[in-house]
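I opened this model to look up a few local features. My entries follow in the order I made them.

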Amino acid sequence: INKQVTADGVDFEVSTAYQRLVTELFVLPALYRRACDLVVSGGYENLLKKMAGFTAAYSRPDGTIPLWGDADDGRVLPFAQQPGADAINDHRYLIALIGQGFGDSELAAKASGSKEEVFWTLGPDAAAAMPDAPAPSGSQIFPDGGAYIMREGEDHVFIDCGPVGMKGRGGHGHNDCLSFDAMLAGVSVITDCGTYVYSADPDWRNDFRSTAFHNTPMIDGEEVNRFQNPNFLWTLKNDAIPERRHWQNSDASDVFVGAHSGYQRLASPVTPVRGIILDKENHRLLVADSFEGDSHHSVRIPYHFSPDVGVEETGANQWTLSAAGKKFLLVLNASEHWTAAIGEGWVSPSYGIKIKASVLNFLSNGALEPLLVGIMPADNAANDPQGWLRKMAKEFPAAKPPAS
């Protein structure tokens, strides 16, 4: 467990699905030892609790999860029937298994969802003790694992600013450094694309783990971490070393700034710098991309929408997003160097399944220019969305790297 799990409880495969699988692999023998009146070391138990704490943090208000890293729906002893992707992607039972199994009432209070797994693993009394609703959970960071989670009520933003996976070897990690997933006002708006398949189709395998299938800047058509070989389906080069430059949490908003070294290998090196602000009071999100470097480059910044999100251009630098009976505005503030194109993408909510979804690509070819994007509920939009973007962008701290 000490080799595979970071000090803040994140499995080194940097994947929500493998977080679940590995947590099961570690918790079931520990519970069995306790049932046999055998000792479970304090260090082992502490890491299990931190793994459950991470699960509580990345689980969205509706029980779904970001599709971070690889997923093959692997389980150890699945007791509950899980007929659909939503059920498969509900990990909240792990919080109760570990919280109740190891007598941590604070952790157990964060559990929710189906009681079947707890019933069959710990018994009917444990299942009955599960809360009807989880205790409130705020924003949290897991810097060792590279996960930064902004949350308040029905808002949940998951940001990746961590290692490539398997301690720099790739493994089940994807090319997703600085990518993000966003649920606003209870609606999944921006999503990771997931995994789809492994060796059954190497081309699709490489597509789904590629930079282009994640919500992160792509420079000159290059991967943030190079593929070792197209036939090596679980390895990546360790090019994109993450750098958290700022994290600030308050009742009104959360602020993140990060960067990575993935494009330092270019003949004219570039450092992507991304800032994200969650305006908790208004369910609004600001994403600010800038680039440290010179010369001319082609830049593509994709925004992958959840499959049920409809996208329509409704004005200059403005799009309307429709999902779950709600509408959101996506607004752009950028120079004339940037263009936008709505295309077709894919999202894989479960292994072997891929669903068509819209993707909005922001494209630039020439001098490196910043890009501001805002997403907000239409019924709570700023009177001047462009002005709001510019005002909020001033909230970011200096994006320059700290002095060595």
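**Surface patch**

I started on the outside: Leu25, Val76, Leu77, Phe79, Phe119 and Trp120 make a nonpolar surface patch of about 560 Å². I note here that the model is a predicted one.

I then looked up one member of the patch, Val76. Val76 sits in the loop between helix H2 (42-58) and helix H3 (85-88). Is Val76 buried, partly exposed or exposed? Its relative accessibility is 30%, so I entered Val76 as partly exposed. For reference, buried means under 20% and exposed means over 50%.

**Strand S9**

Next I checked burial along strand S9 (residues 270-279). Ten of its ten residues are buried, so I wrote S9 down as largely enclosed by the rest of the structure.

Which residues lie on each side of S9? On one side I listed Val270, Pro272, Arg274, Ile276 and Leu278. On the other I listed Thr271, Val273, Gly275, Ile277 and Asp279. Both faces are covered, and I note that Arg274 and Asp279 are among the buried residues.

**Partners of S9**

I looked up the strands that pair with S9. Strand S8 (residues 253-260) runs antiparallel to S9, and seven bridges join the two. Within this pairing I found Ala259 of S8 opposite Val273 of S9.

Strand S10 (residues 284-293) also pairs with S9 in the antiparallel sense, over ten bridges. Here I recorded Phe291 in S10 as the bridge partner of Pro272.

What lies between S9 and S10? The two strands form a hairpin with four residues between them. In the turn, I noted a positive phi of about 60° for His283.

**Helix H9**

I moved to helix H9 (residues 385-393), where Pro385, Gly387, Trp388, Leu389 and Met392 are buried. I then asked what covers these buried residues. The cover includes S9 and S10, along with strand S14 (326-334) and strand S17 (371-377). The hairpin strands from the previous entry therefore come up again in the cover of H9.

**Open sheet**

Last, I traced an open sheet of four strands, in the order S6-S11-S16-S15 and with antiparallel pairing. Its edge strands are strand S6 (218-219) and strand S15 (338-347), each of which pairs on one side only.

At the S6 edge, I counted two bridges to strand S11 (residues 296-304), again in the antiparallel sense. Ile219 of S6 stands opposite Val299 in S11. I closed the notebook there.

Technical notes: Residues are numbered from 1 along each chain as its sequence is written. This is a predicted model: local features need pLDDT of at least 70, side-chain atom pairs count only at pLDDT 80 or more; totals for chains, interfaces and linings use all residues. Side-chain values use heavy atoms; hydrogens and water are left out. Buried means under 20% relative accessible area, exposed over 50%, partly exposed in between (1.4 Å probe, protein chains only). Two strands pair if DSSP finds at least two bridges between them. Contact means heavy atoms within 4.5 Å. Patches are made of residues with over 30% relative accessible area and no salt bridge: like charges are joined within 9 Å, nonpolar side chains (Val, Leu, Ile, Met, Phe, Trp, Tyr) within 5 Å. Accessible areas come from the Shrake-Rupley method with a 1.4 Å probe; for residues, only the protein chains shown count as cover. A salt bridge is a side-chain nitrogen of Lys or Arg within 4 Å of a carboxyl oxygen of Asp or Glu.
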